[in-house]
Every structure is written in structure tokens, then in C-alpha cells.
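Dear colleague,

Please find below the structure that I am handing over to you, together with its sequence. My notes on what was found in it follow directly after.

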Amino acid sequence: MKQAILAVARSVLATAVVLAAPVAMAQNTIRIGMITDRVGPAKGYAEPVAAGAVYAVKELNAKGGLLGKQIELLVEDDQGKPDVSASMARKLVDSGVAFILSVSLTPATQQAQSVTLETGTPHMTPSNSGDTLTTQVTNPNFWQTGPLGSTQIATLLSYARDKNFQKVALITDNSDLGQLINRFFKGALEKADIQIVSEEVVPRGSTTADPQIQKVRAANPDAIFLAGVLTPENALILRSYRQLGLKMPVLGNYNFSIPVYGSIAKGLLNGLAFVDAFDPAKPQTRQFIEDYKKANNGTEPYNLNGYGYDGIMLVADAIKRAGSTDKDKVREAMQATTGYQGVMGGVGSSYGFSDGKRTGFDPNGMVVRVYEGDVQGKVVHVGVK
Amino acid sequence: MKSLAGFVFAALVLSAIAFMLGSYHTDVYRKLLLWITLALGYNFLFGIAGQVAFSHFTFYGIGAYAMVILLFQVGLPLPLAVVAGIIVCVVLALVVAIPATRLEGFYLALATLAFAQLFIVVLNEGGSVTGGAGGLANYRLPDIFGVRVTGPWYTVVIVFLMLGTLAVLWRLDRSWFGRACRAVRDDPQAAQAMGINITTTRIVAYAVTSALAGAAGMVYAFVDNTVNPPIFGLENSFLLLFMVIVGGSGRPAGAIVGAILLYLMPFFLSPLIGHHHALVFGVVMVAVVLFQPKGLIGIWDSWMARRRVS
Amino acid sequence: MSDFVELMVGATASGCIYALVALSYLLITRPTGIINFAVGEWAMVAAFGGFLVLSRYEWPYPLGMAFVLVVMAAVGWITERFAVRPLVEKGAPPLAPILALLGMLVVFREIISVSMGPDPQPVPPLFGYGRLELGMIAGSYQSFFIIAVTFAVFGLVWYFFERTLAGRSFEAVAIDRRAAALMGINLRRVTALAFAGSAGVAGLAGLLVSPNVSAHYLMGLPLAIQGFTALVIGGVGRVEGALLGGLILAIAEQATVRYAPIPPGLAQGVPLVLLIAFLLVRPTGLLQARESRA
């Protein structure tokens with residue numbers, strides 16, 4: 001018994017010493033924190049966003065840094081676990097960061113908010129698309145510039161307006177983000193007086209989507225909306241769609257813009273319309289692609305990298321306007337962001353947090369593209385007009 | 001008497017630590033204490049009672065969600081919510097235990113695995129009661145007698161939870177019940193011949209440890225003030241098993257060592273070797289099972305034994 | 001009606017995948033009593049092997065498939081040699097190898113995740129993605145291929161266990177290890193073969209399912225759970241049980257999604273409830289072993 005207690009006490013003390021978080025000493029750098037997922041389920045999405053952010057910091061530092069100081073990017077891994085994300089947020093706050101970027105799962109970002117709310121630390125996600133991040137908790141220190149689920153469906157609906165869909169099918173998966181996006185898709189469809197005649201879920205680990213697609217076929221909708229975010233399961237849906245001979249238009253959420261579909265869903269993509277926030281023809285975007293390629297041995301960037309890049313740029317812009325890393329000043333400056341033109345978003349769109357809202361992605365900033373064969377075609381529709 | 005002094009001493013030391021730590025360390029410390037609490041309970045269920053169950057972490061989740069729902073949706077006052085929460089955990093534990101303890105070894109593992117998955121499905125489909133896939137947030141611990149328990153004082157609450165769990169389990173372990181559990185684990189037929197009721201023993205062991213896990217969950221609800229389905233997923237159930245195995249099953253000290261090592265390992269390794277730390281995890285698990293099946297506490301034991309001899 | 005038949009074809013194909021995973025468990029569990037939860041990860045490793053060999057290096061399909069299966073058999077043999085044999089020879093409790101294999105589960109998954117990256121990768125199917133329609137019976141080429149291969153494999157395994165001497169020695173070991181050893185059966189070889197065979201079968205499952213779901217590093221755990229559920233339903237005692245269990249599970253799952261008027265999210269609970277029901281009511285599964293010991 002005494003053994004056990006001594007074991008605990010000894011270990012805890014040793015741990016406290018070793019785990020010493022880097023103390024914010026004489027600040028000759030500006031510290032920005034980033035929480036990513038390196039080993040968990042969000043890895044495929046978080047890591048490219050993180051890479052874009054790292055590149056942005058490198059670019060800024062090469063041009064002289066921020067407020068005359070170099071930027072130090074502290075990256076923590078939350079393993080895709082929400083409670084670890086909260087711990088990492090605390091670690092970053094203790095290290096004296098001026099801003100925290102969360103690029104891991106939506107629930108992880110949500111949990112990290114409990115920390116930034118408590119400590120008043122500026123916090124943003126450049127990539128998460130869950131609408132509830134700014135509504136579930138009122139956190140004046142948190143901003144979201146990722147492509148909201150509500151913006152995605154609004155853009156798709158505006159694109160589809162002249163097609164006059166009366167009844168549609170809605171398919172998603174059982175991931176938390178998939179369920180969340182599904183909720184917003186459903187709400188928007190119902191509000192537009194479009195009847196949802198079939199609502200299906202393809203759970204993670206399925207070997208086929210045939211039963212769900214058979215149900216859709218039997219309901220005979222005018223179109224199918226896809227709200228899921230799990231890549232293998234989405235591929236299953238597309239495959240069943242072709243196998244079972246369905247022909248109605250398919251409109252996909254933002255997840256379908258990720259290039260991996262080109263390799264695992266070959267032959268299944270032609271004609272699929274999807275929302276994206278990346279227009280390679282936009283001047284800023286073209287520049288970004290060129291510069292990134294040069295700095296990274298010819299690796300071509302794609303939309304996920306752009307989110308990370310814009311995230312850092314927005315943060316840097318806010319800090320510059322604030323003139324310091326004081327949390328209150330930075331918060332005010334960030335909230336005052338308006339008309340910022342970044343890499344992401346269609347031509348003419350910009351980031352801004354007008355009227356006290358904390359979602360910054362331009363509601364008119366998403367574009368609709370259509371797959372031609374297995375290649376992402378050019379932009380066919382912009383915004384929600 | 002000696003043990004009481006030991007506990008008081010531990011309570012003081014561990015609580016004092018709570019006041020010395022910065023915000024990040026406090027967070028890690030709190031979660032570490034909670035994992036130790038869970039590992040102690042699981043060690044009793046798995047190591048001493050010999051039940052291979054994957055539902056321990058699920059009861060943690062049941063406790064957490066029950067607390068939040070009872071407090072903020074049903075609107076119970078805090079003391080009542082605590083009692084009601086424990087009752088919910090015990091009742092659910094019995095509902096699961098009574099059929100489950102009829103099953104042997106891996107059938108029990110599988111049934112509890114299915115139960116754990118079912119819990120997540122229920123959480124996801126629970127609409128506004130459970131907050132669905134997004135979970136529940138935006139709440140905080142209500143004042144107790146007008147006092148806002150927060151910061152290091154809440155850590156003290158967790159310290160007491162951990163020590164309380166340790167005390168209860170240690171007492172059980174030393175009592176005839178502990179011996180009965182071991183007897184049932186090692187040789188059910190002999191145990192029965194000696195007059196031990198196998199089924200009752202198993203049910204009680206399962207219900208008690210699950211209720212303790214639920215109590216830990218109720219405390220956890222206010223650590224991050226968020227509960228959502230991913231927190232209570234299957235991965236953590238496996239982690240709990242790994243902790244007890246690596247530390248040394250059947251020994252509370254083993255559970256503590258295992259919990260500390262495996263919870264903290266990713267934090268140490270991640271900055272050193274990036275995302276390879278999960279691999280190290282698996283390798284450590286295999287290595288421990290192969291070379292030191294008694295767990296790391298076994299290494300400590302043999303070292304102590306050698307010292308005593310020389 | 002045609003919907004139903006079409007669904008049955010697809011469900012049968014899914015059931016065959018589950019059946020193969022269940023067989024993979026069974027091949028190890030029968031002679032050794034060890035439950036190897038890492039079979040899902042074996043399937044995943046083979047899927048990535050298939051990606052490398054068939055997609056990236058574009059070997060002809062039969063050659064590539066055979067190569068991956070041989071590699072998997074080697075993986076199985078190595079796993080047994082290094083993670084299991086030392087424990088069995090030391091006389092460790094039966095739980096120990098199972099835990100070691102759980103550790104190996106993590107090791108396999110991380111090795112693949114670290115070396116191949118987090119993105120899912122494509123694996124080409126042998127006959128392409130076309131569709132075959134024989135009257136009312138309609139399904140993808142791949143579905144029919146899966147069904148054909150699975151039945152062939154089960155036929156072979158059944159024949160092996162029932163009619164060959166080597167197979168009967170497996171049965172003997174399953175029934176009574178000590179007696180089998182006394183009769184001169186080489187326990188070590190049987191165990192090694194069991195693991196190699198199990199890995200091969202799991203690898204086959206991975207190769208067959210990945211053209212549809214792609215090769216991705218999280219695919220192991222769901223397969224392992226589905227396969228184990230199939231095993232419980234069908235019964236550990238007989239090879240045919242694995243096939244029966246897999247088919248029942250898949251058909252129940254898919255028929256529920258297609259026809260049951262319950263919200264889609266809850267339909268996921270069906271296999272779980274089924275599993276729990278079986279465990280409580282008939283834990284030995286539907287098919288009993290022919291000569292089971294009390």
C-alpha cells in the first residue's frame with residue numbers, strides 16, 4: 001500500500017519536473033501555437049493544413065517576420081483526442097503564444113475552446129467546417145474561417161436553383177462531422193421547400209453501400225446530396241451509385257474536393273458537382289501555387305494547404321494591426337478583420353468578421369466545380385446569389 | 001491505523017502538488033489522476049476478478065453524461081444529481097452484469113465490446129438529450145453551498161476521488177471478497193466447492209468497479225466542461241487494458257505505474273519522434289507481455305527482492 | 001423482388017468477407033485456443049500490399065495476388081514465431097498471447113500508417129468494376145469474384161480438415177493438445193502453420209474487399225469486429241460455421257438497412273444487438289463442433 005502511494009508521489013513529482021512547459025522568456029520571437037492530429041483519424045486532413053501553416057510561417061519569416069520579430073510556430077499533437085486537445089491548448093497558453101490554431105477534428109477544437117475561453121487566448125480554426133463550433137459555446141476569443149457546412153449547402157442550393165429539384169436524397173456517414181454537416185444540409189433543404197425522400201447513413205467500416213443506395217433508388221429522387229466526410233465510405237457510395245444504375249445528379253460537400261478521390265474513386269467521379277473553396281485561376285491562388293511549388297521541390301499544393309496558409313496569414317495580419325501580442329488588442333484586431341483576400345475562396349471573396357460574428361469565411365466565397373472524368377473541372381458557379 | 005495515516009499523508013502531498021502546478025500541468029495532472037482511478041478499478045475487475053471486460057471506460061462515459069444530463073436537463077440539485085448518477089451507474093452495471101457474468105472469458109470481452117459500441121451509437125442518436133454527435137458543452141460546475149469549486153480545489157476533489165477509489169478497492173482486495181474473486185478467477189469449480197457463489201461474486205465485482213468508473217466519469221464532466229462521443233470511444237478501452245497489463249495486473253501499484261507510463265508516454269515521445277509514438281506503444285506492449293508478463297511492477301518487485309536478499 | 005435478389009448478391013459478397021475473417025480467427029483458435037484480434041490488421045497489410053504490387057508496380061493480377069498471399073503467410077509465421085511461441089513455451093497463461101497479439105495489432109497499424117501515409121489508396125479488382133446480370137441475379141464482377149473465391153477457399157479448407165491427414169492432426173490438437181503431442185503430432189509446426197494459414201486467409205479478405213473500400217489504415221478494426229461477430233454466430237467448432245455466420249451477419253445487417261423502418265443511425269446497432277443476443281442465448285454459435293469435449 002505504501003508502495004503504491006510512494007510510487008504515485010514520486011512519479012508525479014518527477015513528471016512535473018520533466019514536463020516543464022517552455023516558459024515564455026524574453027520575447028524576441030512571436031509565438032503562435034498550432035494543434036494538429038498526427039496519429040489519429042483526422043491525420044489525413046489535419047497534416048496538409050498544418051503543412052500550409054508551416055509554409056506560411058516560413059514565408060513570413062523570410063520576408064522579415066512580424067512586428068520586426070521572427071515567428072516561432074509551436075506545434076502540438078492532440079492524437080485526434082478531444083481531451084488531449086484541451087491539454088495541448090493549456091500547454092500552448094503556458095508557453096505564451098499569441099494565438100492558437102486548431103486544425104484537428106471538430107470535437108477536439110470544441111474541447112480546446114474550454115481552455116481559450118477560460119484564459120482569454122485568441123484561438124481560431126482555419127479548416128474545421130462544423131457550424132456548432134461558434135454556437136455551442138459563446139467564446140469571444142474563437143474564430144472560424146473554415147468552410148461552414150451551412151455555407152456549403154447554401155452554395156450548392158444556389159447552383160442547383162435553376163434545376164428545380166423537388167425531392168432529393170441525403171446521404172452521410174456516422175462520423176461526428178458527417179452528422180453535423182448532414183444536420184445543416186437537411187435544415188437548408190427543408191427551408192428551401194425541397195422534400196427529402198430518402199435519408200441514409202453509411203457507417204464507418206461498411207463493406208458496401210448497396211442497401212442504402214437501393215433505398216435511394218426506390219425513392220426516386222431528383223438529385224442526391226452527399227454530406228459525409230469519410231473518404232472510403234464516400235467511395236463506396238459512388239461505386240454503388242454506378243453499379244445500381246442511378247443517373248440523377250449528385251452534389252457533394254466540400255470533402256469531395258480533396259484530391260485523394262482522384263485515385264481511389266477513379267471512374268466514379270464524372271459529373272459529380274462539389275463545393276470547393278479553391279479556385280486555381282484566382283490570381284492570389286495562382287501565386288500561392290507557384291511559390292509553394294518552388295519552396296517544396298515541385299510539390300503542388302492543394303486546397304487543404306491553402307487553409308493553413310490563410311489561417312496563419314489572417315493571424316499575422318491581426319497581430320500586425322494590433323501592433324502587439326497583447327491578447328485583448330489582438331482579439332479586437334482579429335474581430336475587426338474585414339475584406340482580407342486570401343488564397344482560399346472564389347474570385348472576389350474575402351474574409352471578414354463583420355457585425356460581431358466569428359465565422360469569417362465569406363458566405364459567398366465557395367465555388368462549385370464539376371468533375372470531368374477524374375479531374376476537377378473549372379469553376380462553374382460562385383457564391384450563393 | 002497505519003493505513004489511515006498513509007492515506008492522509010498521500011492526500012496532503014497530492015493536494016499540495018495541485019496548488020503548485022501551472023494551468024497546463026494541472027490539466028495533465030488531473031487527467032492523470034482520473035486515469036489512475038480508472039486503472040485501479042480495471043485492475044480489480046481484470047486482474048483480481050479475472051473478468052476481461054471492455055466496458056469499464058464506457059461506464060466512465062455513462063457517469064459523465066449522466067451527471068451532465070441530470071444536472072442540466074433534468075435540473076436536479078448537485079447532491080441529488082450525484083446520488084442519482086451513482087444509482088444510474090449501478091443499475092446499468094447490474095443490467096449488464098447479470099447476463100454478462102454468465103459468459104466466460106472472451107465471450108464476456110466481446111459482449112462488453114458490443115456494449116461499448118452500442119453506447120456510442122446511443123450517444124450519437126440521442127438527439128438533444130445527449131447532444132448527438134457533437135456532445136454537450138457550455139456548462140459548468142454549479143456552486144456548492146455558494147462556493148465555486150474551481151482550479152486547484154477541483155483537483156483536490158479528484159485527488160480524493162482517486163484515493164477513495166484506492167481505499168475501497170484495497171479494502172475489498174484484502175477482505176474475504178477479494179479472496180473470493182481470486183478463487184473464482186483461478187478455479188471456479190473449486191471456489192464453488194468451497195461454498196462461494198460464483199455468480200454473485202462476479203456480479204458484485206463488476207457492479208462495484210463499474211460504479212466506481214461511473215463516479216470518476218461524473219467528476220470528469222467538469223474537467224473540460226465538455227462531453228462528446230469521441231472521448232469515450234473504443235480506443236481508450238484498449239488503452240486501459242494496456243495500462244493494467246504493462247503496469248502489472250492484480251496489483252494496485254501496477255495499475256498506477258501502468259497508467260502513469262502509458263498516459264504520459266505520448267506527451268514525452270511526440271516532441272522527440274513525432275508521430276511514431278503510437279508504434280512505440282505497440283512495441284512496448286508486446287515487449288512487456290513477452291518478457292515481463294508480471295508487468296513493470298514485476299521488475300520493481302524483483303529488484304526489491306534482490307535488495308532484501310543482499 | 002429484383003431489388004431483393006440484387007441485395008442478396010451484395011450481402012452474400014459482404015458475408016463472404018466476414019466469413020474469411022472469421023475463418024482466419026478460427027484457423028488459430030481451433031488448434032491453440034488463442035484469439036488473434038490482429039487479423040483485421042493483417043487484412044489491412046495485405047490491402048496495402050495489393051496497392052503497392054497491383055496499383056503502383058502494376059504486376060499482373062494473379063501474380064500480384066499470389067505474391068501478397070505468400071508474404072502474408074510469412075507475416076503470420078513471423079508473428080507466431082516472435083510474439084506467440086515464446087509465450088506458449090514459457091507456459092504463460094492463455095491470456096498472454098492474446099494480449100501480445102493486441103500489441104501487434106497496434107504495431108502493424110502504425111507501421112503501415114507511418115510508411116504509407118494517412119490517405120486511402122486504390123487497389124484494382126481483378127475483373128474491373130463492371131456489372132454482371134444473369135436474369136434477376138445482378139451484381140458487380142467483384143461481388144461474384146468474392147463469392148467464388150470464398151466458396152473455393154472454404155471448400156479447400158473443409159477438405160483439408162476433413163479428408164487429409166495433416167488437417168486431422170489440426171483437429172486432434174484442437175481437441176486435446178497433450179494427447180495430440182503424445183501421438184507424435186508436432187505442436188510447433190501445427191501452430192506455425194495455423195498462423196501462416198490464418199494470415200493468408202485474412203490477407204485474402206483484405207485483397208478482396210479493398211477494391212471497393214480502398215486500402216486505408218483504419219480498416220482493420222471494423223473488419224476484426226465484424227469477423228469475430230460472424231465467428232460467434234456461426235460457432236467456433238466447424239469451418240462451415242464461419243461461412244454461415246458471415247452470411248447471416250451480412251444479410252441481417254443489409255436487410256435491416258434496406259427494409260426496416262428504423263432511423264438509419266440506429267441500424268448500426270443491429271449487428272451489435274445480434275451479437276449480444278447470440279452471446280447470451282447461444283454462445284457456442286449455431287453449429288456445434290462434431291466431437292466436442294465437455
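I begin with the central strands of chain A. In β4(A), A:His123 is the bridge partner of A:Ile100. That bridge belongs to a parallel pairing, made over two bridges, between β3(A) and strand β4 (residues 123-125) of chain A. β3(A) also pairs with strand β1 (residues 29-36) of chain A, again in the parallel sense, here over four bridges. Within this second pairing, A:Ile35 has A:Ser102 of β3(A) as its bridge partner. The side chains of strand β3 (residues 99-102) of chain A alternate: A:Phe99 and A:Leu101 point one way, A:Ile100 and A:Ser102 point the other way, and all are buried.

Please note that the model is predicted. Its overall scores are ipTM 0.88 and pTM 0.86.

Confidence by chain

For chain A the average pLDDT is 87, and 93% of the residues score at least 70. Within chain A, helix α1 (residues 2-18) has the lowest confidence, with a mean of 58, while strand β8 (residues 223-226) has the highest, at 95. Residues 21-26 of chain A fall below a pLDDT of 50, although this stretch has seven contacts in the model beyond near neighbours in sequence. Where pLDDT is low, the predicted coordinates should not be read in detail.

Chain C has an average pLDDT of 86, with 98% of the residues scoring at least 70. Among the elements of chain C, the highest mean, 92, belongs to helix α2 (residues 39-56) and the lowest, 73, to helix α11 (residues 264-267).

A residue on strand β2 of chain A

Strand β2 (residues 70-77) of chain A contains A:Glu72. Is A:Glu72 buried, partly exposed or exposed? A:Glu72 counts as partly exposed because there are 18 C-beta neighbours inside 10 Å, whereas a buried residue would need 20 or more. Apart from neighbours within four places in sequence, A:Glu72 is in contact with A:Thr29, A:Ile30 and A:Arg31. For A:Arg31, which is 41 residues away along the chain, the C-alpha atom is separated from that of A:Glu72 by 4.7 Å.

Domains of chain A

The domain assignment divides chain A into domain 1 (18-147 + 282-352) and domain 2 (150-276 + 367-382). The centres of domain 1 and domain 2 of chain A, taken over C-alpha atoms, are separated by 29 Å. Twelve residues from domain 1 of chain A and 16 residues from domain 2 of chain A take part in the contact. On the side of domain 1 of chain A that touches domain 2 of chain A, α4 (106-119) and α11 (303-322) of chain A each supply at least two residues. By class, that side of domain 1 of chain A has five nonpolar, six polar and one charged residues.

Domains of chain B

Chain B is likewise divided, into domain 1 (2-232) and domain 2 (234-310). Here the C-alpha centres of domain 1 and domain 2 of chain B lie 21 Å apart. The contact draws 20 residues from domain 1 of chain B and 16 residues from domain 2 of chain B. Four helices of chain B, α2 (23-48), α3 (56-72), α5 (105-124) and α7 (152-174), each supply at least two residues of the side of domain 1 that touches domain 2. α2(B) gives the most to that side, with eleven residues. The class count for the side of domain 1 of chain B that touches domain 2 of chain B is 16 nonpolar, four polar and no charged residues.

Chain C and its contact with chain A

Helix α4 (residues 95-116) of chain C has 22 residues and reaches 32 Å from its first C-alpha to its last, close to the 32 Å expected at 1.5 Å a residue. This helix, α4(C), is mostly covered, with 18 of its 22 residues buried. C:Gly117 follows α4(C) and has a positive phi, near 85 degrees.

Between the chains, 26 residues of chain C are in contact with 30 residues of chain A. On the side of chain C that touches chain A, α1 (2-32), α8 (187-213), α10 (239-259) and α11 of chain C each supply at least two residues. The largest share of that side, five residues, comes from α1(C). By class, the side of chain C that touches chain A has twelve nonpolar, ten polar and four charged residues.

With kind regards

Terms used
Residues are numbered from 1 along each chain as its sequence is written. Chains are lettered from A and ligands numbered from 1 in the order in which they are written. This is a predicted model: local features need pLDDT of at least 70, side-chain atom pairs count only at pLDDT 80 or more; totals for chains, interfaces and linings use all residues. Domain bounds come from an automatic or database domain assignment. Two residues are in contact if their C-beta atoms, placed from the backbone, lie within 7 Å. Ala, Val, Leu, Ile, Met, Phe, Trp, Tyr, Cys and Pro count as nonpolar, Asp, Glu, Lys and Arg as charged, and the others, Gly among them, as polar. pLDDT is the predictor's confidence in each residue, from 0 to 100. The expected span of a helix is 1.5 Å times one less than its number of residues. A residue is buried if 20 or more other C-beta atoms lie within 10 Å of its own, exposed if 12 or fewer, and partly exposed in between; C-beta atoms are placed from the backbone. Two strands pair if DSSP finds at least two bridges between them.
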